[in-house]
Structures are given as C-alpha cells and as structure tokens.
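Work through the following exercises on salt bridges with the sequence and the structure at hand, and attempt each task before reading its solution.

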Amino acid sequence: MTNFQFSDSDGIELVKMARKVVTEFLKNDSKIMDSEFDSKFNFSSGVFVTLNKEDDLRGCIGYPTPVKKLCDGLADAAISAATRDPRFPPVTTDELNKITFEVTVLTPPEEIKVEDHSEYLSEIKVGRDGLIVDNGFSSGLLLPQVPTEYGWNEKEFLEYTCQKAGLNKDAWKEKSTTISKFQGVIFKEENPNGDILRESSNDLL
C-alpha cells in the first residue's frame, strides 16, 4: 500500500485507531499496541490528526514529511493533538464523546519551482493541495481542506499560509521564500463516534 491507495475501510481503521489511542492515553496514560494494525500500516508517510469540537478546532498536530511509519506517526500525532497543541488546553476524558476525529494522510511535499511569483497561482489548486511556506527559520503549513472550509482562493491560501509561518502575508512573493505543495486523503467522523467518511476532493488519491 502507498499514499495513493487508501480504501474507505483503511480510513475507518485509521480514524478508529486515532480515537482508541487518545482514549487509552487519557484514561490509562499508556499507548495501545496493535501488531495487526502496525503491520498493515508499516510504511513511511506524513500524517495529521485533527480534533474538532462542535465545529471548532480542538487540536491539530502531525508530520508533514514521511519521517515516521504511518502506524507510529498516527499514534504520536493523535496523542499530541489531544494533549500537546499549545493553542489549547489538553483534552479531558469527559470531552471525548463531544469530539470528532479526522486523519489526513499526506504525500511527500514537492517544492514548487517558478520563475516569477505570479506563477504560484496557477501551480496551486484549492481543494487538492496543501501548502508549506518556508523562509529562514519560519515555516507554516495548512492542510488541503483548510482553504475549502474558509472559501479562500489560491492567493488567499498563500497569504494565510505565510501568516501561519509568522510572516507577512505577501512573503510568498519574496525570492527567499520556498513554497511546497502536497496532497492528502482525508477521513473524518461525521459526528463523535459516528460514521467515518472519506472527505478528499483530490482526484489523485
């Protein structure tokens, strides 16, 4: 299996495991060991886990590049999204039945090479691509689903990713800025502990 071959049943397994991992960690301060799951998803891949509570973000942490096996990256990202996102207090066990879990599996980032910054607008497709902006020691990432949720166009997507990196919104026009894109396949609970659906609008995955 590769990033490009995820079935709906695979997505269900990933999201259910993310929830199981967080539940076990919050209740017993331990990590789940599942050899069958680990064996199936024993390949390197970028992954993000997103937690939402009543349509508001409750935590989002992940690995944009394939630095870990998917089985390990999923577990670490899930626990971190629940307990280590600096924007939010740690999730409590009482909240688990109010939170939806979302897993995004990523393709490796690919730097966008352009002669002029205006070319970025035609190289990026909202709804398909996620973005990473790098400039010096500053870096920011937004997942493919974010611009669709907010109704941004390509220019706004670039601007908000720059701001996520702590840069000026027009930093994407600077020669010193590197912009990379990646794709993702997204699986998400419809409601807490509910049905899990594929949410990717990416025609590649």
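**Exercise 1.** Determine which parts of the chain are tied together by the contact between Glu 13 and Lys 40, bearing in mind that the model is a predicted one.

*Solution.* Begin with the contact itself: the side chains of Glu 13 and Lys 40 form a salt bridge, with 2.5 Å from N to O, which is inside the 4 Å limit for such a pair. Next, place the partners: Glu 13 belongs to helix α1 (residues 8-28) and Lys 40 to helix α2 (residues 35-40), so the bridge ties together parts that are 27 residues apart in sequence. Then consider accessibility, where Glu 13, at 29%, is partly exposed, and Lys 40, at 32%, is partly exposed as well.

**Exercise 2.** Work out how Glu 159 and Lys 155 are placed in their helix, and whether each is buried or partly exposed.

*Solution.* The side chains of these residues, Glu 159 and Lys 155, meet in a salt bridge of 2.7 Å, N to O. Both lie in helix α6 (residues 154-164), and because they are four residues apart, about one helical turn separates them. Since buried means under 20% relative accessible area, Glu 159 with its 9% counts as buried, whereas Lys 155, at 37%, is partly exposed. Elsewhere, salt bridges with shared partners join Asp 10, Glu 13 and Lys 40 into one network.

**Exercise 3.** Establish whether Asp 129 and Arg 128 are buried or exposed, and give the count of salt bridges.

*Solution.* The side chains of Asp 129 and Arg 128 meet in a salt bridge at 2.8 Å, N to O, and both Asp 129 and Arg 128 are buried. The count comes to 14 salt bridges.

Conventions. Residues numbered from 1 in each chain as written. Predicted model: local features only at pLDDT ≥ 70, side-chain atom pairs only at ≥ 80, totals over all residues. Heavy atoms only, no water. Helix = DSSP H or I, 4+ residues; strand = E, 2+ residues; numbered from the N terminus. Buried < 20%, exposed > 50% of the residue type's maximum accessible area, 1.4 Å probe, protein only.
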